[in-house]
Amino acid sequence: MKKTLLIFIFLSFIVTANNLPELGDYSSSKISESDEIFIGRQILFQVNQSDSIIRDIEISDYLDSLGKRLINASTDPAKKIEFFIVSDPSINAFAMLGGVIGVHSGLFLASNTESELASVISHEIAHINQKHISRFLLQQERASYQSTFIMAVALLLARSNPQLASTAMAGASAGSVQGALDFTRENEKEADRVGIQTLNNAGFDVRGARDFFTTLKQANQFSGGAAPAFLQTHPITSNRINDIEDRLKDFPYKQRVDNQTFHYVKGKLKALLDNKEDTKNILEKNIKNKIYINEGGERFALAYIYLIDNEFIKSYEQMQWLFDNEQSNPMLSQLYINYLIKINKVTEAKKIYEQNLNFFPSNRSFIYGLADLYLETQDSEKAIKLLKENEQKFSQDPILYKLFAKGYANQGKKLLQYENLAEAAYYNFNLQEAIIRMDLAIKANDGDFYQKSRVESRLKQFQKEQQIHTNDN
Ligand SMILES: [Zn+2]
């Protein structure tokens, strides 16, 4: 499963790259900001096509907010970095050209504390802010979109899964990829130093960096080699550990209580694992024998699995424990709402969504969940009203536009339906599909003058954007 995503991305990149022109002037000392953004969009487009990606609103929003907090505390708080989660049990995270960071679900599950997880992410943010990847690519002789793309992805492939490095080397020159790995090894020290500073600035426990190495070592020893990918690109030499230990002395001891959402996110990821029966048995046993780092997280996972398996009474028992013993949390409310929907208490579910939105007006899970529930119960008008109220906040979110499109489709409004499908494709980095849909919006011919001119000017904008990167450079 994990190999499919990477090979898929790699092969699509070779195809994409072959259709792209040479970069005109590459004598400048850095890859331009707009080229980097373009490459980042291409990477995300390929990533979005893959089914190895975890597209869960709550998990994504948690990672985004953790990432944002670290970026704000980093050397470049204005940097725009996109995160995505790969469904992959191996412990890994990797930074890519264009400000993109991929995190394996295995990294979440292996992290015992939020500070451990944050230490890896701040390390990857440091690789981006210190321009380790673009600096490497600039050392290459042939600087064209083709070679930049292929190298960027070969590098991703090699860093993400060193066993696949040979595949990557077939597309890029073998020496360069090996060089990239050596080059980044040199930069590991810098990423450690900068990352630890960021970790501290963001209010996390800097000892998370050292604890994560211990976690990695244990995972490597006990779980049949779940760690090698990260270990190979981030070798734990005694030199490196000493270096980190030295740095930690500069920071005062900081006792930190994890945000409980971290443990619920881990719980949800556990519930989404492939081998549900095994996971369920392990969780039941752990709770019975009190073997856990965080009881709430384990019970949350179990409640989720029971719900997926339609074991409603057992699921509710776990929720009851969570409501009695833990502080209120949006993920708990969402779990309970999911339960209500599954047992057909839709009116009650809507009521709780509405109550929760008063307390968490920007919670995407609540907004989209309620909009979807309105749509499912033939109340498109209410759904569209709710989405409109939140349009400004999520104006670059494809899910928002997909829900709008569904609502307008229910109402038979073709122009608006296609316009929103076009926006969804655009924010999914699929410019070609965005153009096709926007064209359909114009041809639908059922809008007023204002709507028609809006879709026409948006189509022109899309076409112009496409030309920038396919014509002259
Ligand atoms: Zn690194």
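**A mostly helical chain with a three-stranded sheet**

N363 caps the N-terminal end of helix α19, with a side-chain oxygen 3.0 Å from the backbone nitrogen of S365. That's one detail of a predicted model, whose protein chain holds 24 helices and 3 strands. Below we look at α19, then at a residue that touches it, then at the sheet, and last at the chain overall.

**Helix α19**

- The helix runs over residues 364–376, so count 13 residues in all; from first C-alpha to last it reaches 18 Å, close to the 18 Å expected at 1.5 Å a residue.
- Most of α19 is covered, with 11 of its 13 residues buried.
- Among the buried ones are R364, S365, F366, I367 and Y368 at the start of the list, and L373, Y374 and L375 at its end.
- The cover over these buried residues includes α3 (57–72), α17 (330–342), α18 (346–359), α20 (380–389) and α21 (398–410).
- Just after the helix, Q378 takes a positive phi of about 55 degrees.

**Q334, a contact of α19**

- Q334 sits in helix α17, one of the helices that cover α19.
- Is Q334 buried or exposed? Its relative accessibility is 5%, and the cut-off for buried is under 20%, so Q334 counts as buried.
- The side chain of Q334 makes a polar contact of 2.9 Å with the side chain of Y353.
- Setting aside neighbours within four places in sequence, Q334 is in contact with E58, Y353, S365 and F366.
- Two of those names should look familiar: S365 and F366 are both buried residues of α19, and S365 also supplies the backbone nitrogen that faces the N363 cap.

**The sheet**

- The 3 strands form an open sheet in the order β1-β3-β2, with mixed pairing.
- β1 and β2 are the edge strands, each pairing on one side only.
- On average, neighbouring strands of this sheet are turned by 20 degrees against each other, ignoring direction.
- Strands in a sheet pair through backbone hydrogen bonds, in either a parallel or an antiparallel sense.
- On one side, β1 (residues 82–86) pairs with β3 in the parallel sense over 5 bridges, and E82 stands opposite V100 of β3.
- With β2 (residues 93–96), β3 runs antiparallel, joined by 4 bridges.
- In that antiparallel pair, M96 stands opposite V100 and A95 stands opposite I101.
- The hairpin of β2 and β3 has 3 residues between the strands, and G98 takes a positive phi near 90 degrees there.

**Strand β3 and its cover**

- Why is β3 (residues 100–104) described as largely enclosed by the rest of the structure? Because 5 of its 5 residues are buried.
- V100, G102 and H104 point one way from β3, while I101 and V103 point the other way, and all of them are buried.
- Helix α3 lies across β1 and β3, running at about 140 degrees to β1; α3 is also among the helices that cover the buried residues of α19.

**The chain overall**

- Of the 473 residues in the protein chain, 55% count as buried.
- Taking contacts between residues at least 6 apart in sequence, 68% join residues at least 24 apart.
- The chain exposes about 21,800 Å², and carbon and sulfur atoms supply 50% of that area.

Terms used: Residues numbered from 1 in each chain as written. Predicted model: local features only at pLDDT ≥ 70, side-chain atom pairs only at ≥ 80, totals over all residues. Heavy atoms only, no water. Buried < 20%, exposed > 50% of the residue type's maximum accessible area, 1.4 Å probe, protein only. Helix = DSSP H or I, 4+ residues; strand = E, 2+ residues; numbered from the N terminus. Pairing = 2+ DSSP bridges. Contact = heavy atoms within 4.5 Å. Polar contact = N/O pair within 3.5 Å; in protein donor to acceptor, adjacent residues only side chain to side chain. Axes fitted to C-alpha atoms, helices over the stretch in contact; angles between N-to-C directions. Areas by Shrake-Rupley, 256 points an atom, 1.4 Å probe, with all protein chains shown as cover.
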